[in-house]
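User: Hey, I've got a protein on my screen and I'm a bit lost. Can you walk me through it?

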Amino acid sequence: MASLGGNILPPGLHAQIYFAGIAVTVLVGVCYSTLLTKKAKDSETPSLLQSLWLFFYTCFLKPHDGDSNGNQQDALESFYKKQAGAYDATRKVLLKGREDMLALAAAQLVYRTKDRNGNKRCIWVDVGGGTGWNIEAMSRFVDVPRFFDSVYLVDFSPSLCEVARKRFQRLGWENVKVICQDARKFRLEDYEPASQGRHTSGSPTRGYLSQERPKHGGADLITMSYSLSMIPDYYSVIDSLPLLLSPNGIIGVVDFYVQSQVDVNFRNYTGGLVNRHVNFFGRTFWRAWFDMDRVALEPGRRDYLEYSFGTVLNVNTRNYVLGAIPYYIWLGTSKRPSSSSFPHEIVEKVDSLVTESPYLSPANHTDALTRAVESAASEIRSKAFDAATINLTSNLPLPSFFYQNHHYRIYYDDQLKKHTQFNDEYIYAFTWEDTRVDERILKLKPDDVVLAITSAGDNILSYALQSPARIHAVDLNPTQNHLLELKIAAFSSLPYEDFWKIFGEGKHPEFRSLLVSKMSPHLSSRAFQYWLSNHHIFTKSKGGLYDTGGSKHGIRIFRWISRVFGCRSAVKQLLAAKTLNEQREVWRGKIRPALLSRLVSKFVVSQEAFLWTALGVPKNQLAIIEEDHARSEAVCGPDATAKNTRSHAIWEYMVNTFDPMVELTHIAADNPYYLVCLDGKFSRNCHPDYLSHQAHARLSRPGAFDGLRIHTDEIDEVLACIAPGTLTVAVVMDSMDWFDPGSNAAAAQVTKLNRALRMGGRVLLRSAGLRPWYLDEFERHGFVAKCHGKRSPGTCIDRVNMYASCWVCTKRENLAPPTPEMESMVGAEISNLQI
């Protein structure tokens, strides 16, 4: 017999040792499982060690034999019966996001039911509610026994239902009913009084807009917490939910998922795609991993859910404690918005808000509006209208903006390159325009219709305090509009002290909790996704809101300069100065020599990359500065002190900006624009108008922002969608400095401004130039330009003093063809409708 040689053991011995080890492990495991299971039966609440072992055993070792009869209930019992008592203790770490989903749903529910009729019952149905943990956890956000008239926990596992019954007996919540039933067969009318007008089954083949539904009745809240992924026949369950939900009800879902961005990039109704993409490895691994426990992560479940309802909020995140398991939180509502009694109404209403066209409401017969909409194909329509029309004709849900509680944020396609170029970062965390000067120049009246660039939104809020009829806030950067939305949501939901901490100090340790439980009903899905992903801005110990955005680079450069030149303490002295004289002394002796040194100007500030990244100065605006410098006394005068170079041009511009500002304005007392740059926050004595007690009292009233429209687009695109002759004021800041003098872009925008403005309408603009070249375009296109401030050495035009001039261009004549008056736009058929 041939020997294997050396120290190699015969193969048979290897196998014997291997199988013996497995046998011992299994034997010990079975014995230990039997012992712990017996102890668990003796105790309603197993110990942590027992719970963890039961979880591991039932998930990875125990064979699932309950489905031998093809019965889903038996399969569930096979999985849950042994671990029912330990379920809650072992799911706290695994099932993340349940508290957030409940908080979001509660916030929406509180907002939507605040004006409900006292006779209307408030009902919650928790599908796949298991042990009732969700219902008890909801008590952190609302008083469950008082807020809800009835709560129905529907689950198909008898063991879990028994745990739930004991839970609610212990709590004494008599309004909670545990129903052990297949979710497909649950009907609310079987348990609720008939007088509530419950739904009856409808044909699933009919379009959602043509389905008749009762005005009252149905569940106000339906939740599914990690149950959708465990329902084999999920289509029929999801199909049953729309007829279970009340017209204004909310459905909340939290569950695992995997999905590629390729599947959803083309959809406009998902409410945003932040963090939705899961890479190939994650999709493959997590789907295979959860499939062992019959948890199905195929994308079709979530896709069908989003197809069947209108999306209100949508969150994609990861459970980083357990290897970054992807999960989502989704809030939806009826596919047909509750404010719509027939197909075109909600679309026409939102379109009228965008275009300044009259909103048509039928006086007698609903067909009148349908005919009016169909006959108006050639009229001005918004992008929101176009997107909604495509969805309606395809039986798809409307874009999520249509399902928000407020319609001031207008639909936009967040996948377009013109929006993604900003890389989800705003440039300005605060606005650089002096709102006090704007108010003095514009003197807005109740009938004014204003279009203005959003920036950080501070100016928009200042205009809102003057109560014009309408404000159109426009910004191409989605995150600038997210910031404005956040401020509006805070006005609408938070007391003044919380509002002040967030936007006065730029920090709030409880920001995330306030965002989820208070501000979320007042935010669009995209804005909510953004701030939930970036909540650390407000909660981290260092920095804060005003140390973020593109402008933070300029502030950090100044801090670096002050440290290098050893004048950090001088900055504190400047902020502590009680008088202008004290401030001037600190500036002249300690700070100015460092900040305005020609070395810093040449190697840092005058660099084109720094000017754009830190200060938002594009190359065309830089060219305007250089051109004015080349003609200035400093270069061409008899006592010239500067060279015609970029570094000298920037240095002269900085001197003419900072010297007069420090000499003439008291930063700590009355210049919030530089106070926030130097100190990273505002003070109670020095802040923008919108941060005052009086402003909060005024803008927190219901309906304070009903006249606001937030557009995420170019100014030209918004002007093209606004009915002619409707605007009275357009505030374009310094945006026209960005145009290339060699193109016709400025002339095209001036033409659109002329058409959108009423006769006598005004355009307020600021420029880095003393007399910007495009003023000639205004004068060639029916405007008269008037200067309201021109900077000269030693003088300020406002507290910011960052711009060289301020102008108002007033419309004096129409361009051909003449701008039509609004009265002539009402046709014969439309005149029969109420406007």
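Analyst: Sure, we'll go from the overall make-up to the core, the aromatic rings and a few local spots. Keep in mind that this is a predicted model.

User: Okay, how many helices and strands does the protein chain have?

Analyst: The secondary structure comes to 37 helices and 14 strands.

User: And what share of the residues is buried?

Analyst: Of the 835 residues in the protein chain, 57% count as buried. The chain still exposes about 36400 Å², and carbon and sulfur atoms supply 55% of that area.

User: What about contacts between residues 24 or more positions apart, what share do they have?

Analyst: If you take the contacts with a separation of 6 or more, residues 24 or more positions apart account for 74% of them.

User: Cool. Which residues touch the most other members in the largest nonpolar core?

Analyst: That core has 181 residues, and the ones touching the most other members are Val125, Phe148, Phe256, Phe503 and Met519. Helix α31 (residues 646-664) gives the core its largest share, eight residues. There's another core apart from it, with 28 residues, including Val449 and Leu765.

User: Back to Val125: what is it in contact with?

Analyst: Leaving aside neighbours within four places in sequence, the contacts of Val125 include Tyr152, Phe186, Ala219 and Leu244.

User: New topic: how many aromatic pairs does the structure hold?

Analyst: It holds 34 of them. Take Tyr257 and Tyr328, an edge-to-face pair with 5.9 Å centre to centre and 80° between the planes.

User: Why does that pair tie together separate parts?

Analyst: Tyr257 sits in the loop between β5 (245-256) and α10 (261-264), while Tyr328 is in strand β7 (residues 325-333), so the pair joins parts that are 71 residues apart in sequence. Tyr257 and Tyr328 are both buried.

User: Got another one like that?

Analyst: Phe430 and Tyr546 are also paired edge-to-face, at 6.1 Å centre to centre and 65° between the planes. They're 116 residues apart: Phe430 is in the loop between α16 (417-420) and α17 (435-442), and Tyr546 in the loop between α23 (536-539) and α24 (552-564).

User: Is Phe430 buried or exposed?

Analyst: Phe430 is buried, because its relative accessibility is 2% and the cut-off for buried is under 20%. Tyr546 is buried as well, at 1%.

User: Which residues form the aromatic cluster?

Analyst: Tyr226, Phe256, Phe281, Phe285, Trp286, Trp289 and Phe290 form one cluster. Phe281, Phe285 and Trp289 also turn up in a nonpolar patch on the surface, together with Met292. That patch has about 440 Å² of accessible area in total.

User: Where is Trp289, and why does it count as partly exposed?

Analyst: Trp289 is in helix α11 (residues 280-291). Its relative accessible area is 37%, and partly exposed covers the range between under 20% and over 50%, so Trp289 falls in the middle class.

User: How many residues of helix α12 are buried?

Analyst: Seven of the nine residues in α12 (residues 300-308) are buried, so the helix is mostly covered. Among them are Arg301, Asp303, Tyr304 and Leu305. The buried residues of α12 pack against α9 (234-240), β5, α10, β6 (310-319) and β7.

User: Last one: how far apart are Ala723 and Ala756?

Analyst: They're 33 residues apart in sequence and 6.5 Å apart in space, C-alpha to C-alpha. Ala723 lies in the loop between α35 (715-721) and β11 (727-733), and Ala723 is buried, with a relative accessible area of 0%.

Terms used:
Residues numbered from 1 in each chain as written. Predicted model: local features only at pLDDT ≥ 70, side-chain atom pairs only at ≥ 80, totals over all residues. Heavy atoms only, no water. Patch = residues over 30% accessible without salt bridge, like charges linked within 9 Å, V, L, I, M, F, W, Y side chains within 5 Å. Areas by Shrake-Rupley, 256 points an atom, 1.4 Å probe, with all protein chains shown as cover. Salt bridge = Lys/Arg side-chain N within 4 Å of Asp/Glu carboxyl O. Helix = DSSP H or I, 4+ residues; strand = E, 2+ residues; numbered from the N terminus. Buried < 20%, exposed > 50% of the residue type's maximum accessible area, 1.4 Å probe, protein only. Core = buried A, V, L, I, M, F, W, Y, C linked by side-chain atoms within 4.5 Å. Contact = heavy atoms within 4.5 Å. Phe/Tyr/Trp six-rings, centres within 6.5 Å; stacked < 30°, edge-to-face > 60°.
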